[in-house]
Amino acid sequence: MSTTLYYFSATGNSLTTAKLLASQLDDCRLVPVASTKNLTKVIDESDSVGFVFPIYYGNMPYPVREMISKMVFKEDAYI
């Protein structure tokens, strides 16, 4: 089962958390949200997809929201 964790981290705390999660999962890759900024569509073929990011004022950061709106997942993906 393949897993992708997308992370957004301004201070490094969320990156540390994402790395800890990835170390406990088999076949897991980490993808920074910033690397998807210039894409018009983000296609993910992983079996499982996760997101790690800080909460700002009770909401998710804008770059994370923007990326998720462009994402296409496998039909049976666990998110």
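Strand S1, residues 3-7, is a good place to start in this predicted model. Five of its five residues are buried, so S1 is largely enclosed by the rest of the structure. From there we can follow the strands on either side of S1, the helix that packs on the sheet, and one exposed residue in a loop.

**Strand S1 and its two faces**

- Thr3, Leu5 and Tyr7 point one way from S1, while Thr4 and Tyr6 point the other way.
- Whichever way they point, these residues of S1 are all buried.
- As background, side chains in a regular strand alternate between the two faces of the sheet.

**The sheet around S1**

- Three strands build an open sheet, arranged in the order S2-S1-S4, and their pairing is parallel.
- S2 and S4 are the edge strands, as each of them pairs on one side only.
- On average, neighbouring strands in this sheet are turned by 20° against each other, direction ignored.
- In general, the strands of a sheet pair through backbone hydrogen bonds, either parallel or antiparallel.

**How S1 pairs with S2**

- S2 covers residues 28-32 and pairs with S1 in the parallel sense over five bridges.
- Across this pairing, leucine 5 stands opposite leucine 30 of S2.
- Threonine 4, for its part, stands opposite arginine 29 in S2.

**How S1 pairs with S4**

- S4 covers residues 48-52, and it too is joined to S1 in the parallel sense, over five bridges.
- Threonine 4 has valine 49 as its bridge partner in S4.
- For leucine 5, the bridge partner in S4 is glycine 50.
- S4 is mostly covered, with four of its five residues buried.

**Helix H1 against the sheet**

- Along the chain, S1, helix H1 (residues 13-23) and S2 make up a right-handed β-α-β unit.
- H1 packs on the sheet and touches S1, S2 and S4.
- The direction of H1 makes about 170° with that of S1.
- Which residues of H1 are buried? Ser14, Ala18 and Ala22 are.
- Looking down the axis of H1, you would find its buried residues within an arc of 75°, so they line one face of the helix.
- The cover over the buried residues of H1 includes S1, S2 and S4.
- On the other side of H1, Asn13, Leu20 and Ser23 are exposed.

**Glutamate 45, out in a loop**

- Glutamate 45 sits in the loop between strand S3 (42-44) and S4.
- Is glutamate 45 buried or exposed? Its relative accessible area is 56%, which is over the 50% cut-off, so glutamate 45 counts as exposed.
- Apart from its neighbours within four places in sequence, glutamate 45 is in contact with Ser2 and Lys74.
- Isoleucine 68 lies 23 residues from glutamate 45 along the chain, and the C-alpha atoms of the two are separated by 14 Å.

Terms used: Residues are numbered from 1 along each chain as its sequence is written. This is a predicted model: local features need pLDDT of at least 70, side-chain atom pairs count only at pLDDT 80 or more; totals for chains, interfaces and linings use all residues. Side-chain values use heavy atoms; hydrogens and water are left out. Buried means under 20% relative accessible area, exposed over 50%, partly exposed in between (1.4 Å probe, protein chains only). Helices (H or I, at least four residues) and strands (E, at least two) are DSSP runs, numbered from the N terminus. Two strands pair if DSSP finds at least two bridges between them. A crossover is right-handed if, with the strands pointing away from the viewer, the path from the first strand over the helix to the second runs clockwise. Contact means heavy atoms within 4.5 Å. The arc is that of the directions from the helix axis to the C-beta atoms. Axes are lines fitted to C-alpha atoms, for helices over the stretch in contact, and angles run from 0 to 180 degrees between N-to-C directions.
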